[in-house]
Amino acid sequence: MENTSKAIDNVQNKATSVSPSSADSRFHHTLRNVQGLLKGRSFPGKVLITQISDPLDPYLLHSPSSDTKSSNNHNDYDTHPHVDLLAEEEHQNRTNDVGTSSHVMKSSTVGVESSSKVTNRPTIGTRATDSARLTKFEKQLCAPTIILEKLRELAWNGVPPHWRPTVWRLLLGYAPCNSDRRERVLRRKRDEYLDCVANYYDIPDTERTDEEINMLRQIAVDCPRTVPEVSFFQEVKVQKLLERILYIWAIRHPASGYVQGINDLATPFLVVFLSEHLEGNIDSWKMDVLPPDKISDVEADCYWCLSKLLDGMQDHYTFAQPGIQRLVFKLRELARRIDEALSRHIEEQGLEFLQFAFRWFNCLLIREIPFHLVTRLWDTYLAEGDGLPEFLVYMFASFLLTWSNSLQKLEFQEMVMFLQHLPTFNWSDTELEMVLSQAYMWHSMFKNSPSHLSSSS
């Protein structure tokens with residue numbers, strides 16, 4: 001403990017002794033630290049994250065051009081009921097930790113609260129497998145041509161596990177909507193991936209550049225760190241499969257190359273596509289029981305779906321990760337509008353949103369919630385389509401404000417440690433659905449009012 005305290009003091013003394021040259025240099029120093037922290041599953045914490053004396057200039061993170069971009073997919077969600085909100089009384093009884101919203105939020109949720117009390121509806125987790133929803137999914141997926149907008153509406157609230165692999169391939173545009181073409185297209189794409197493995201991965205290091213060798217080594221280091229709490233991901237065959245996917249993606253996307261955190265994003269696809277061939281709990285899965293051709297198909301599907309996902313977030317993983325910087329700024333502004341008390345407390349304590357929210361955007365909350373909830377969360381992510389980056393801001397605001405009351409009682413170092421190790425271990429579908437419901441409500445309220453997210457003096 002004494003050594004840790006000295007280390008903390010040394011880092012903080014260095015931070016305060018640096019001449020206050022500019023907010024820009026402070027920002028990039030913080031960004032480098034946060035990016036370095038992603039090498040492990042958890043943050044080193046007190047040593048690398050230090051308190052700032054004054055807030056960053058918001059315009060360092062803000063890209064004015066990004067405000068003018070809008071997703072066509074968002075128009076699909078204006079009127080249909082993605083979410084049936086739980087009764088407010090049930091919400092308050094279940095958790096005392098939900099943050100207090102601003103006056104505008106209180107006045108705007110009166111109608112939602114009263115309507116949810118009238119109809120005693122089940123949670124969204126149960127709706128994912130109820131008979132009516134199963135019938136709707138079956139009707140959509142058995143049609144000669146899938147109507148993607150209707151499938152997105154259904155998928156937003158959760159996909160039945162046995163339909164999830166098919167639905168994800170369709171939502172990402174990997175599998176065509178026309179059923180007559182589907183198997184032929186998938187076979188062609190899977191064969192194309194096998195060619196990539198032969199041409200880029202199954203070659204000696206003498207045919208690689210130094211940069212490619214270093215990148216492959218970094219991927220090989222990161223794969224064993226991926227979802228360490230799930231024993232299945234510690235299998236050598238699983239880690240080699242991830243290694244091939246990540247390396248080939250990086251080779252084919254030289255603008256970004258491999259960025260730590262992308263390894264996490266491949267895991268939901270692997271679990272979902274393997275569920276077509278393996279039964280039971282993931283902790284009991286063994287790759288050895290699968291024939292090589294099935295493993296190759298799963299690997300190819302993971303690669304193409306990961307590529308489709310990242311195509312919509314390219315600037316999240318290019319140099320300096322400007323897409324993530326921009327979304328972190330919007331998250332800070334949204335939190336200020338919704339929960340001014342928490343936002344003020346975070347600012348007064350000198351904690352930057354980048355220090356905790358960077359990992360959220362980089363890994364899409366995979367490291368923050370129990371892994372068994374990740375596929376349900378990703379049903380909603382993929383249903384958002386091109387609008388996912390914008391929706392993440394509202395999702396992460398809802399996630400942050402879940403802990404508002406607790407965070408407002410903490411000082412800087414305590415708050416840092418709390419945010420690095422959020423108490424989500426015992427979360428079930430109920431808690432996740434509440435966060436999604438809140439995010440949907442705020443998204444509906446704010447998305448057509450960009451002035452709400454502009455910097456205020």
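How many helices and how many strands make up the secondary structure of the protein chain? The model, which is a predicted one, has 23 helices and zero strands in its protein chain, and the paragraphs below go from the chain as a whole to particular helices and then to single residues.

Of the 457 residues in the protein chain, 54% count as buried. The surface that the chain exposes comes to about 20,800 Å², and carbon and sulfur atoms supply 51% of that area. Among the contacts in the chain with a separation of 6 or more, 79% are accounted for by residues that stand 24 or more positions apart.

A good place to enter the structure is helix α10, which spans residues 164–171. This helix is mostly covered, since seven of its eight residues are buried, and the buried ones are Arg164, Pro165, Val167, Trp168, Arg169, Leu170 and Leu171. Which helices are included in what covers them? The cover of the buried residues of α10 includes α8 (131–141), α9, α11 (179–201), α14, α15 and α19. Just after α10 comes Gly173, which takes a positive phi of about 80°.

One of the helices in that cover, α14 (residues 262–274), packs against α10 at an angle of about 135°, and the axes of the two helices are 8 Å apart. The pair α10 and α14 is therefore oblique. On the side of α10, the residues in this contact are Arg164, Pro165, Trp168 and Arg169, and they meet Pro268, Phe269, Val272 and Phe273 of α14. Sorted by class, the contact of α10 with α14 holds six nonpolar residues, no polar ones and two charged ones.

Two other helices in the cover of α10, namely α9 and α19, also pack against each other, with α9 formed by residues 148–156 and α19 by residues 374–384. Their axes lie 8 Å apart and make an angle of about 150°; because angles over 145 degrees count as roughly antiparallel, α9 and α19 are roughly antiparallel to each other. The crossing in which α9 passes α19 is left-handed. Here Arg152, Ala155 and Trp156 of α9 meet Arg376, Asp379, Thr380, Leu382, Ala383 and Glu384 of α19, and by class this contact has four nonpolar residues, one polar residue and four charged residues.

A further helix pair is made of α16 (residues 322–338) and α18 (residues 353–363), which pack at an angle of about 120° with their axes 10 Å apart. That angle makes α16 oblique to α18, and α16 passes α18 in a right-handed crossing. The residues of α16 that take part are Ile324, Leu327, Val328, Leu331, Arg332 and Ala335, which meet Phe353, Leu354, Ala357, Phe358, Phe361 and Asn362 of α18. In this contact of α16 with α18 there are 10 nonpolar residues, one polar residue and one charged residue.

Within the helices, Ile245 gives a view of a single buried position. Ile245 has its place in helix α13 and, at 0% relative accessibility, counts as buried. Leaving aside residues up to four places away in sequence, Ile245 touches Tyr193, Glu299, Cys302, Tyr303 and Leu306. From Ile245 to Ile219 there are 26 residues in sequence, while the two C-alpha atoms are 10.0 Å apart in space.

The loops also hold residues worth a look. Most residues other than glycine have a negative phi. Val227, in the loop between α12 (210–222) and α13 (236–252), has a phi near 45°, a positive value in a residue other than glycine. Ala320, in the loop between α15 (292–311) and α16, likewise has a positive phi, of about 70°, although it is not a glycine. Are these two residues buried or partly exposed? Val227 is buried, with a relative accessible area of 1%, whereas Ala320, at 22% relative accessibility, counts as partly exposed.

A last loop residue is Trp403, placed between α20 (388–401) and α21 (404–407). Trp403 is buried, with a relative accessible area of 4%. Trp403 and Pro423 are separated by 20 residues in sequence and, from C-alpha to C-alpha, by 9.5 Å in space.

Conventions: Residues are numbered from 1 along each chain as its sequence is written. This is a predicted model: local features need pLDDT of at least 70, side-chain atom pairs count only at pLDDT 80 or more; totals for chains, interfaces and linings use all residues. Side-chain values use heavy atoms; hydrogens and water are left out. Axes are lines fitted to C-alpha atoms, for helices over the stretch in contact, and angles run from 0 to 180 degrees between N-to-C directions. Helices (H or I, at least four residues) and strands (E, at least two) are DSSP runs, numbered from the N terminus. Angles under 35 degrees count as roughly parallel, over 145 as roughly antiparallel, 65 to 115 as roughly perpendicular and the rest as oblique. A crossing is left-handed if the near helix is turned anticlockwise from the far one by less than a right angle, and right-handed if clockwise. Contact means heavy atoms within 4.5 Å. Ala, Val, Leu, Ile, Met, Phe, Trp, Tyr, Cys and Pro count as nonpolar, Asp, Glu, Lys and Arg as charged, and the others, Gly among them, as polar. Buried means under 20% relative accessible area, exposed over 50%, partly exposed in between (1.4 Å probe, protein chains only). Accessible areas come from the Shrake-Rupley method with a 1.4 Å probe; for residues, only the protein chains shown count as cover.
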